[in-house]
Amino acid sequence: MPLPEPKGKQREVVCLNQTGHSVVLGTAGSGKTTMAIHRAAYLANPNTAHGASTLLLSFNKSLLAYLNYLRPPELTGVDIRNYHHFARGYLNHRKRMGYNWICDKDSDREALLSEALEATRKKEPRKALLKRPLQFFFTETRWMSQQGITSLDEYLEIERAGRGDEGVLGSKQRTLVFEVFETYQQLREEAGYRYDWYDIATTVCEELKKDNAPRQYRHVVIDEGQDFSPSMLRSLALLIPADGSLTFFGDVAQQVYGRRISWRQAGLDIRAPWNFERNYRNSPQIAKVGIAIAEMPYFADELDMVPPTEFAAEGPKPTLVRCATKEDEIQLAISQARAAAESASVAVLVRRREDLGPFAHAFKGSGQRLYRDMTDWSPDPGVSYGTVHNAKGYEFDTVILVGLGDERWPDPGAIEAEGTDEAEASDGRLLYVGVTRARSALVMTYIGEPTKLLPANDDLWTEAGAPMSAAEK
């Protein structure tokens with residue numbers, strides 16, 4: 001599939017200023033990735049005065065396959081990478097990276113953090129905060145790293161937006177959390193890991209502030225920028241020279257790796273973002289579900305939302321199907337996917353990686369798994385399957401969202417660790433991502449009761465499936 005040509009206002013964005021910072025926000029399906037590639041090509045064009053080496057970045061590693069698929073053969077002078085690939089390479093260049101210095105797996109990070117938590121509990125056995133689950137400390141210390149926090153004073157002073165009243169921490173509680181954080185970093189260092197994927201950007205910032213050599217890139221273009229942490233964005237603002245440019249493309253409604261980007265806090269100097277309200281992907285029927293989700297209370301504090309005003313071609317109304325058992329739900333998804341895949345691209349998407357087993361077995365040899373390290377992508381008719389996280393940035397003719405029951409959305413572990421408000425906000429945005437991957441057809445399935453993250457069915461979808469049993473009633 002050739003790279004679509006930019007249309008109307010999209011052409012203006014491609015030719016934005018060649019210096020300074022620009023932010024482009026668009027609704028789902030507004031063509032942000034298309035604009036990002038065209039923007040990178042424009043900035044790298046050697047036949048212009050501003051033409052120079054350009055870095056095109058995504059956060060999600062799996063999206064690189066899609067970017068490289070869309071990349072035209074004549075595109076030169078543009079490096080396409082995910083952020084962590086860039087960070088690791090830069091720190092290696094600065095002699096701040098060695099073999100196996102990154103704590104690569106969240107499971108290893110959890111193990112070290114658990115050890116740090118136990119050590120702190122032994123020192124402070126009566127502190128109620130330390131009885132909270134490990135996931136709470138995993139989430140909070142990850143957020144600290146994403147903000148670039150390196151001292152207790154910074155942690156005590158920073159505003160912790162997005163946690164809700166139940167998650168607010170006082171100074172004494174933050175002091176305990178920071179002790180766990182420091183102990184984790186010490187244990188990680190002893191295990192031979194200098195970094196994890198969440199705090200590596202902090203060191204990139206430190207090195208760039210000291211680095212007086214000519215910059216490798218004059219221009220940086222960020223795709224799916226809503227997933228970049230403030231620390232990552234600050235490092236990229238430092239990466240460009242004084243006569244360079246940074247262009248941010250994003251959809252705040254899809255923010256599933258963090259919440260509430262402050263442009264100033266992220267080191268970006270902008271007057272106002274460009275907003276795109278045209279949806280080139282979703283049918284009106286699917287877009288209405290996405291809009292209704294974005295109007296739910298857990299989106300209420302998002303000031304940079306961009307609701308669509310125009311849509312793609314008409315399509316059938318989405319369907320919400322109640323299944324009697326998990327086995328029925330799996331078989332329904334498989335049969336629906338196989339039927340639709342005869343003439344269309346289909347994605348079967350789930351909430352958690354551990355739910356993929358039945359679909360990996362069913363589509364073995366005939367399906368395309370969406371995963372972090374995928375290197376190839378094809379939009380041809382057929383079945384893709386994966387988590388909603390790994391579907392970010394992609395689009396399909398038909399999407400089948402499996403497991404939208406209230407026992408799974410929001411995730412119970414996230415509620416326990418982060419509080420109801422934060423868990424609903426995070427999983428609500430994830431639900432928005434899943435829904436808006438669909439161009440023309442959307443099937444949603446559940447067992448028991450549907451998730452409360454879905455809006456009321458104000459003629460948004462057709463309901464079908466097994467009736468409730470007497471015991472359920």
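**A walk from an unusual loop residue to the central sheet**

Let us start at asparagine 100, which sits in the loop connecting α4 (83-93) with β4 (102-103). The model you are looking at is predicted, and in it this asparagine has a positive phi of about 60° although it is not a glycine. That deserves a second look, because most residues other than glycine have a negative phi. Asparagine 100 counts as partly exposed because its relative accessibility is 47%, which falls between the limits of 20% and 50%.

Now move along the chain to glutamate 224, found in the loop between β6 (219-222) and α10 (230-239). Here too phi is positive, near 55°, in a residue other than glycine. Is glutamate 224 buried or exposed? With a relative accessible area of 7%, glutamate 224 is buried, because the value is under 20%.

A backbone feature of another kind awaits at proline 410, in the loop between β13 (396-401) and α14 (412-418). The peptide bond leading from tryptophan 409 into proline 410 is cis, with omega near -5°. For context, most peptide bonds are trans.

With the loops visited, turn to the sheet. Six strands make up an open sheet with parallel pairing, in the order β3-β2-β6-β7-β1-β8. At its edges stand β3 (78-82) and β8 (274-276); each has a single partner strand, so one side of each is left without a neighbour in the sheet. From one strand to the next, the twist averages 15°. To see how an edge strand is held in the order, follow β1 (residues 20-26): three bridges join β1 to β8, and the two run parallel. One residue pair to find is glycine 26 with its bridge partner in β8, phenylalanine 276.

Two helices that border the loops above also meet this sheet. α4 lies across β2 (54-58) and β3, running at about 105° to β3. α10 lies across β1, β2, β6 and β7 (245-250), at about 155° to β6.

Finally, look for the second largest pocket, whose volume is about 450 Å³. What lines the second largest pocket? There are 21 lining residues, and Pro4, Gly31, Thr34, Tyr280 and Glu395 lie nearest the centre. Both α2 (32-44) and α3 (64-70) supply at least two residues of this lining, with α2 giving the most, three residues. Sorted by class, the lining has five nonpolar, eight polar and eight charged residues.

Technical notes. Residues numbered from 1 in each chain as written. Predicted model: local features only at pLDDT ≥ 70, side-chain atom pairs only at ≥ 80, totals over all residues. Heavy atoms only, no water. Helix = DSSP H or I, 4+ residues; strand = E, 2+ residues; numbered from the N terminus. Buried < 20%, exposed > 50% of the residue type's maximum accessible area, 1.4 Å probe, protein only. 1 Å grid on protein atoms, 1.4 Å probe; cavity = no way out; pocket = protein on both sides within 12 Å on 5 of 7 lines; lining within 4 Å. Points joined across faces, edges and corners; volume = space filled by probe spheres on them. Nonpolar A, V, L, I, M, F, W, Y, C, P; charged D, E, K, R; others polar. Pairing = 2+ DSSP bridges. Axes fitted to C-alpha atoms, helices over the stretch in contact; angles between N-to-C directions. Contact = heavy atoms within 4.5 Å.
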